[in-house]
Amino acid sequence: MEVDCKRIWGNCLSVIKDNIPQISYQTWFEPIVPVKIDKDVLTIQVPSLFFYEYLEEQYIDLLSKTLRKELGVNAKLEYNVVMDNAHMANQQPYTLNFPTSNKADLRNRPVSVTNQEKPDIRNPFVIPGIKRLNVDPQLNGDYSFENFVEGECNRLARSASLAVAKNPGKTAFNPLFLYGNSGLGKTHLAQSIGIEVKRNMPEKTVLYVNANKFQTQFTDSVRNNSQNDFLNFYQMIDVLIIDDVQEFAGKTKTQNTFFHIFNHLHQSGKQLILTCDKAPVELHGMEDRLLSRFKWGLSADLQIPDFETRVSILNKKIYKDGLTVPEEVVYYIASNVVNNVRELEGALISLLAQATLNKKEITFETAKQIIDKLVKKTSKELSIDSISQTVCDYFGLELDILQSKTRKREIVQARQIAMFFSKGLTNSSLSTIGAKIGKKDHATVLHACKAINNLIETDKDFKGQIKEIEAQLKS
Ligand SMILES: Nc1ncnc2c1ncn2[C@@H]1O[C@H](COP(=O)(O)OP(=O)(O)OP(=O)(O)O)[C@@H](O)[C@H]1O
């Protein structure tokens, strides 16, 4: 029987080898072990669930044809998936029912997962010398929930993050997609989840990784022919945090790999947390199947904090660092550095640094000088408000009219133009722009941008007006 299955699989392989590139053959077929043959059913053993998914997606037609040639029209294929012991420590071997692919010729291909000894997986985060895989979660202890100040700007994102941290993989927020402009606390919040999970459930494998690092590891694994290690590693994470997923844009192979990791983790009830500088709907260069998965759970945005929240953030930092800063100085910073929490913290740090260097007390006057210099650099940046004002001035409209519910054509168009320029000339997200211009949602802003682009292409006079407004904005 064993000889039979080896012979039959050997025959299949010789056909497969002639039909695919050598590197694909080595990667995807050489690691397969034929296990048994039972009438029309051939069982093969594959090293991971990803492997199985990949074969199903890429090679099912070829597998189907070759197997039918050997076993006749009723040929069926069964997969045994080998998992490592560390991962399976608390689980029973089980059989999974995967949805069969549309292209499937070989119906009802059961997949069984077998618990077998397997060497430790090589990856950059494993602490060496420990038998059970011990993954360094790459968390920064400062980014805890305790150090994160709650405000109107982050309420939904924070409470969803707390819910996820209490019950990773068990809430509807999977994936949890945190998005917003730079420096508004996405990384901090995502890391808070990891820290909380590790604190309450130390046995869980948590990993924070930046999308760029993921991409580099993936490329390295392709170069070193260790893709399986890479995949096995990521597929055993319980809580996976990927920061800045917009970095995957345009990187098809990385997206493809991440897609399989995502599917595997999601199907296994593991938690995914993604951060991004845009809402899923605004992400370009990303495969639709991945984008649709990003929307499966909850997308929550982080907005610019209001004055009170900015003051609380500064006070928290001052208290944590054991400093004393006069209240009026705190208020001055909070009133002048408004768009970015990182810049807010940066302003405080440079104030303290200058005071220490000059051996001077922090007074309102010294603070004002330093902050004014810092703010000057950014004051020329356009804001949604200044854009709205310029557009209204151009058309001779009152600024308030943009907020009204009127459907008058010229007002609707002025609103759309303000949205169009805000999208192009500021870093604000679509939802922030919508909220500020007429209390609209991100879809309305997206529609506005499309409408204006269409008009620019089709209407010469309109294009001229847009050019004039643009010149005024940039002057
Ligand atoms: N609500 C908050 N409470 C306390 N600190 C905050 C808050 N929001 C942001 N911060 C701090 O601001 C800094 C920038 O935050 P973070 O790095 O999380 O931003 P980000 O949105 O991930 O930015 P980027 O997209 O540029 O990576 C960090 O030091 C973080 O601790």
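The exercises below, each with a worked solution, deal with the ligand site and the salt bridges of a predicted model.

Residues are numbered from 1 along each chain as its sequence is written, and side-chain values rest on heavy atoms, with hydrogens and water left out. Because the model is predicted, local features need pLDDT of at least 70 and side-chain atom pairs count only at pLDDT 80 or more, whereas totals for chains, interfaces and linings use all residues.

**Exercise 1. Describe the shell around the ligand and its polar contacts.**

Solution. Begin with the residues that have a heavy atom within 4 Å of the ligand: 17 residues surround the ligand, and the closest are Ser182, Gly183, Lys186, Thr187 and His188. Next, sort the shell by class, with Ala, Val, Leu, Ile, Met, Phe, Trp, Tyr, Cys and Pro taken as nonpolar, Asp, Glu, Lys and Arg as charged, and the others, Gly among them, as polar; this gives six nonpolar, eight polar and three charged residues. Helices α6 (186-200) and α13 (341-357) each contribute at least two residues to the shell, helices being DSSP runs of H or I with at least four residues.

Then look for polar contacts (pairs of N or O atoms within 3.5 Å). A polar backbone atom of Val149 is 2.8 Å from a nitrogen atom of the ligand, and a polar side-chain atom of Asn154 lies 3.5 Å from a ligand nitrogen atom. On the oxygen side, a polar side-chain atom of Glu345 lies 2.8 Å from an oxygen atom of the ligand. Finally, the protein buries 89% of the 630 Å² that the ligand exposes when taken alone, by the Shrake-Rupley method with a 1.4 Å probe.

**Exercise 2. Place the salt bridges Asp220–Arg223 and Lys270–Asp238 in the fold, and classify the exposure of their residues.**

Solution. A salt bridge requires a side-chain nitrogen of Lys or Arg within 4 Å of a carboxyl oxygen of Asp or Glu, and by this rule the count comes to 14. In the bridge between Asp220 and Arg223 the closest N and O atoms are 2.6 Å apart, and both residues lie in helix α7 (residues 211-223), three residues apart, about one turn of the helix.

For exposure, buried means under 20% relative accessible area, exposed over 50%, and partly exposed in between (1.4 Å probe, protein chains only). Asp220 is therefore partly exposed, at 28% relative accessibility, whereas Arg223 is exposed because its value is 61%.

The side chains of Lys270 and Asp238 meet at 3.4 Å, N to O. This pair links distant parts of the chain, 32 residues apart, with Lys270 in the loop between α9 (252-267) and β9 (271-276) and Asp238 in the loop between α8 (227-235) and β8 (239-243); strands are DSSP runs of E with at least two residues. Lys270 counts as buried because its relative accessibility is 10%, and Asp238 counts as buried at 15%.

How values were computed. A polar contact is a pair of N or O atoms within 3.5 Å; within protein, one must be able to donate a hydrogen and the other to accept it, and residues adjacent in sequence count only if both atoms are side-chain atoms.
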